[in-house]
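Trainee: Could you take me through one part of this model in detail? I would like a close look at the salt bridges, with the cut-offs spelled out.

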Amino acid sequence: MTASTDYTPPKVWTWERANGGEFANLNRPIAGATHDKDLPVGRHPLQLYSMATPNGVKVTILLEELLAAGHAGAEYDAWLIKITEGHQFGSGFVEVNPNSKIPALLDRSTPTPIRVFESGSILLYLAEKFGAFLPKDIAARTETMNWLFWQMGSAPYLGGGFGHFYAYAPTTIAYAIDRFTMEVKRQLDVLDRRLADNEYLAGREYTIADIAVFPWYGALLKGTLYGAAEFLSAQDYRHVQRWVDAIGVRPAVKRGRMVNRTWGDPSEQLHERHDANDFDTQTQDRVAAPAALVHQHVSLGT
C-alpha cells in the first residue's frame, strides 16, 4: 500500500487518540504521570529501572563490564519497567525521568540520591564515576565522546524513522521507507569505514562508545532488530560485522543483554537482576513473550 496524497495538514493540529499503529494507546502529546506508583528499591546503591531494548541494554552491558573489571561498587538492582504496559508513566518513574523513557538510574550512594536519565548520560556518568571505559588521554577521550554522541544523534533515524516505517506504520509508505533506509545504510557505511582501520570506534580501546552503538547496530545487522538484515544487505558491512562479533562474545555483554529481557529463549532472559548469582539461578517457569515483542519495544524509541 502506498500513502494517500490527498492529506492537507490542518492549520492547528489536534490529538486523535485512535490515531492508528500498534502504540496508539501509549503515545500522547503531553508529559507527566498517568498514575501513582512508587518505584521499588533494592539493597544496592545503583537502582536501574529499565527494559532490554537497545537503549536499556547499553546500561546493563556497561554495569556488567564494570563488575567484570573489578568495580564492586557497580553492583546494581535492575527492575523491569514494562513499557508496553505504560509503567514508564508511573509517578515514581516520572520523578526519576520526566521524559518517561527507559533506562533511568538512581544512584543512592550519595547523601542525596542522584537521578540519571538518557542512556548516553548514564553511560558517561558511570564511566566517570568508576574511571573505566572512558580514556583519560584527551584525544582518545574526545574520540570516544564523538562516537557516543554520534550514536545518540543517529539512532532516532534508525528506530523512530526506519524501524517505525519499515515494521510498524499502519500503512506502507514507500517514500518514508526509502528515505530512512538510505540514511541507515549511510550510517552503516560511516561505521564500516571507521572500523576498517580501527579495532574499536575510539581506536584500540573498547569504550562506552562501542557499548552505546553495539545494541542498536549490532542487532540490526544480525537480524534481531526489525528483521531487516537481508533488506539492508547486512553482509556488505564486513568491518562492522567483525566488530559486532568481537563484542558479542564478551561474557559481560552476554550477561548485560539478558537483564530485563522478557522475550525470546527463556534461558536468555533475566527479568530482574539483584545479584550476580541471578544469572545462574534462573527459574524455568518464565513464560516468554512472542519474539516479535522486541521490535515493539524498540519502535517506542527506548
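Mentor: Happy to; here is a walk through the salt bridges, followed by the sheet beside one of the helices involved. This is a predicted model, where local features need pLDDT of at least 70, side-chain atom pairs count only at pLDDT 80 or more, and totals for chains, interfaces and linings use all residues. Residues are numbered from 1 along each chain as its sequence is written, and side-chain values use heavy atoms, with hydrogens and water left out.

A search of the whole structure finds 11 salt bridges, each being a side-chain nitrogen of Lys or Arg within 4 Å of a carboxyl oxygen of Asp or Glu. One of them joins the side chains of Glu64 and Arg273, at 3.2 Å from N to O. Glu64 sits in helix α1 (residues 54–68) and Arg273 in the loop between α8 (251–258) and α9 (293–299), so this pair ties together parts that are 209 residues apart in sequence. Helices here are DSSP runs of H or I with at least four residues, and strands are runs of E with at least two, numbered from the N terminus. Both Glu64 and Arg273 are buried, where buried means under 20% relative accessible area, exposed over 50%, and partly exposed in between (1.4 Å probe, protein chains only). Glu64 and Arg273 also belong to a network of salt bridges with Glu75 and Arg255.

Next comes Glu65, whose side chain meets that of Arg250 in a salt bridge at 2.7 Å, N to O. Glu65 lies in helix α1 and Arg250 in the loop between α7 (238–248) and α8, so the pair links parts 185 residues apart in sequence. Glu65 is buried at 4% relative accessible area, whereas Arg250 counts as partly exposed at 25%.

Now for the sheet. Its 4 strands form an open sheet in the order β2-β1-β3-β4, with mixed pairing; two strands pair if DSSP finds at least two bridges between them. The edge strands, β2 (76–80) and β4 (114–117), each pair on one side only. Strands β1 (residues 46–50) and β3 (residues 104–107) pair in the antiparallel sense over 4 bridges, and Gln47 has Leu106 in β3 as its bridge partner. Helix α1 packs on this sheet, touching β1 and β2, and its direction makes about 150° with that of β1. Contact means heavy atoms within 4.5 Å, and angles run from 0 to 180 degrees between N-to-C directions, with axes fitted as lines to C-alpha atoms, for helices over the stretch in contact.
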